[in-house]
Amino acid sequence: MTKIYIKLITMALALALSASVVMMSSYAWMVLSGNPAATGIQVAVGGGNTILIAPNVKTEEDGKVYNYPGYFSESLNFGVSKEYEYLHNLAGLRPVSTANGIDWFLRSGTVDSELAYANLSKDEADAEFAKQCNYVYLDFWVVSPSGDHTLRVSTGEPKDVGGSFVIDLMNPVYDEETGYSLEPQKGSAAASVRIGFLANDVTLTDETMEKYMATHAYKYGRGYTSLRGLYVEPKSGTPYLDADRFTIYEPNADYHPAKEEYSGCYVPTTPLAINAEDGYIWDKLAVQLSSGWKEAANDGSGTAIEQQFTAATYGKTYTEETNLFTDFYVKTLQGQIAPYVAKGQFIKHTENLENSLSAAGSDHIAVGDSSNIDTSGAAEDTYIIKLERNVPQRIRMFVWIESQDVDCSASAGSGAFAVNIEFAGETEKDDE
């Protein structure tokens with residue numbers, strides 16, 4: 001069989017999260033206190049009509065909650081979609097740990113399995129219970145009109161301006177002598193960020209399908225006969241399904257600002273299994289090497305984004321009330337960070353990390369040498385969900401700070417980071 005990869009979706013999540021660090025007991029927990037910048041959260045679909053995307057619409061009638069797709073299209077901006085207005089009022093992230101996207105282990109040692117600590121608002125952030133942790137999730141729909149596809153996280157092709165990455169955003173600053181410039185963060189939030197995808201192919205009830213068929217979104221364009229993807233509603237007490245599959249995307253896996261002795265090495269997050277006897281979830285982990293800022297093209301000095309910032313601020317005078325961060329990243333760049341980022345490659349077969357770690361007899365292994373660990377544009381043995389042609393699939397995506405990561409410490413620093421996600425699909429055909 002020959003595998004054919006095609007670009008499906010690029011999703012840019014401009015999560016501008018101001019961060020501060022506090023010490024709690026004997027462990028350093030990073031607290032991100034701020035509001036994700038919902039503007040700039042965009043989706044662009046490549047490859048014609050290969051994949052379409054829609055927001056998740058949630059309605060409640062007679063005590064029952066229904067989830068179905070809005071309008072399917074080639075693009076979606078979460079920041080301006082009314083279905084995601086809650087993104088504008090989110091509290092900051094607080095560290096948490098999970099291996100399955102269902103059980104979220106809190107700082108207190110308790111477990112949240114009802115999304116009680118997810119998507120906390122600014123008002124809730126000051127409450128005592130909110131100090132335990134805070135993670136973000138959102139639902140969206142995809143459909144494949146052209147055929148069956150296996151969905152993966154991908155770096156994209158070199159010519160693409162999308163791709164998958166998580167990167168620390170440099171801080172705009174002003175100096176009377178040198179003027180305006182971008183200053184690298186002292187620490188890193190991006191080193192501990194995780195993106196998770198919870199997915200299942202459970203068919204929703206006929207009643208849900210009837211609700212969807214009565215909407216204009218269903219009547220506009222294509223018609224579909226079934227919907228897939230059943231997930232727990234917050235604080236509902238509804239049990240999770242055995243069909244749930246959770247894929248963890250770990251960016252910047254060899255970047256360790258808090259533990260420089262591990263620089264260029266992969267250090268597995270432990271524990272990353274609900275039960276020790278279950279072992280490590282290598283087949284559900286997509287590991288990517290570090291991404292960084294592209295160098296300026298003209299003289300090789302500085303980075304391309306610094307060059308763009310200099311051009312954007314040239315000859316301008318700002319008032320004290322001006323938010324330079326928002327003015328540059330949101331208004332000037334409009335959340336388009338990807339063109340300025342050199343994306344890291346994925347570990348081709350994640351299980352090779354396990355084999356190499358065992359052979360090395362240590363808790364880390366150097367991964368910079370491609371002859372040691374093969375890399376590629378996607379983790380070939382890790383996927384999110386298998387899409388069936390013309391069957392809308394609901395996916396739940398999480399963003400969190402992994403408390404068990406080696407870099408989740410006081411030196412993780414403060415600042416903001418940007419998340420960009422590109423999905424790639426795989427089809428197979430018989431070799432001739």
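1. Two strands are said to pair if DSSP finds at least two bridges between them. In this predicted model, strand β11 (residues 149-153) and strand β24 (residues 385-387) meet that condition, with three bridges in the antiparallel sense. One of the residues involved is H149, whose bridge partner in β24 is L387.

2. How covered is β11? Five of its five residues are buried, so the strand is mostly covered, where buried means under 20% relative accessible area. In a regular strand the side chains alternate between the two faces of the sheet. In β11, H149, L151 and V153 lie on one side, while T150 and R152 lie on the other. Both of these faces are covered.

3. Some figures for the chain as a whole may help. The chain holds six helices and 26 strands. Of its 432 residues, 54% are buried. The chain exposes about 19,100 Å², and carbon and sulfur atoms supply 48% of that area. If one takes the contacts between residues at least 6 apart in sequence, 79% of them join residues at least 24 apart.

4. Next, an open sheet. Seven strands form this sheet in the order β6-β5-β10-β25-β15-β16-β18, and the pairing is mixed. Its edge strands are β6 (64-69) and β18, each of which pairs on one side only. Direction ignored, neighbouring strands of the sheet are turned by 30 degrees against each other on average.

5. Within that order, strand β5 (residues 52-61) and strand β10 (residues 136-143) run antiparallel and are joined by four bridges. P55 stands opposite F140 in β10. Helix α2 (residues 206-213) lies across β5 and β6, and runs at about 55 degrees to β6.

6. How do helix α4 (residues 304-313) and helix α5 (residues 324-332) cross? Their axes come within 11 Å and cross at roughly 105 degrees. Angles of 65 to 115 degrees count as roughly perpendicular, and α4 and α5 are therefore described in that way. On the α4 side the contact is made by I305, Q308, F309 and A312. On the α5 side F328, Y329 and T332 take part.

7. Which residues of helix α6 (residues 351-360) are buried? They are L353, S356 and L357. Seen down the axis of α6, these residues fall within an arc of 100 degrees, so they line one face of the helix. The face turned away from this buried side carries S358 and A359, which are exposed.

8. The buried residues of α6 have several strands to pack against: β17 (265-266), β18 (285-287), β21 (346-347) and β22 (365-366). One of these, β18, is also an edge strand of the open sheet in point 4.

9. The stretch following α6 deserves a look. Just after the helix, G361 takes a positive phi of about 65 degrees. S362 lies in the loop between α6 and β22. Is S362 exposed, partly exposed or buried? Partly exposed covers the range between under 20% and over 50%, so S362, at 32% relative accessibility, counts as partly exposed. S362 and V267 are 95 residues apart in sequence, and their C-alpha atoms are 9.5 Å apart in space.

How values were computed
Residues are numbered from 1 along each chain as its sequence is written. This is a predicted model: local features need pLDDT of at least 70, side-chain atom pairs count only at pLDDT 80 or more; totals for chains, interfaces and linings use all residues. Side-chain values use heavy atoms; hydrogens and water are left out. Buried means under 20% relative accessible area, exposed over 50%, partly exposed in between (1.4 Å probe, protein chains only). Helices (H or I, at least four residues) and strands (E, at least two) are DSSP runs, numbered from the N terminus. The arc is that of the directions from the helix axis to the C-beta atoms. Contact means heavy atoms within 4.5 Å. Accessible areas come from the Shrake-Rupley method with a 1.4 Å probe; for residues, only the protein chains shown count as cover. Axes are lines fitted to C-alpha atoms, for helices over the stretch in contact, and angles run from 0 to 180 degrees between N-to-C directions. Angles under 35 degrees count as roughly parallel, over 145 as roughly antiparallel, 65 to 115 as roughly perpendicular and the rest as oblique.
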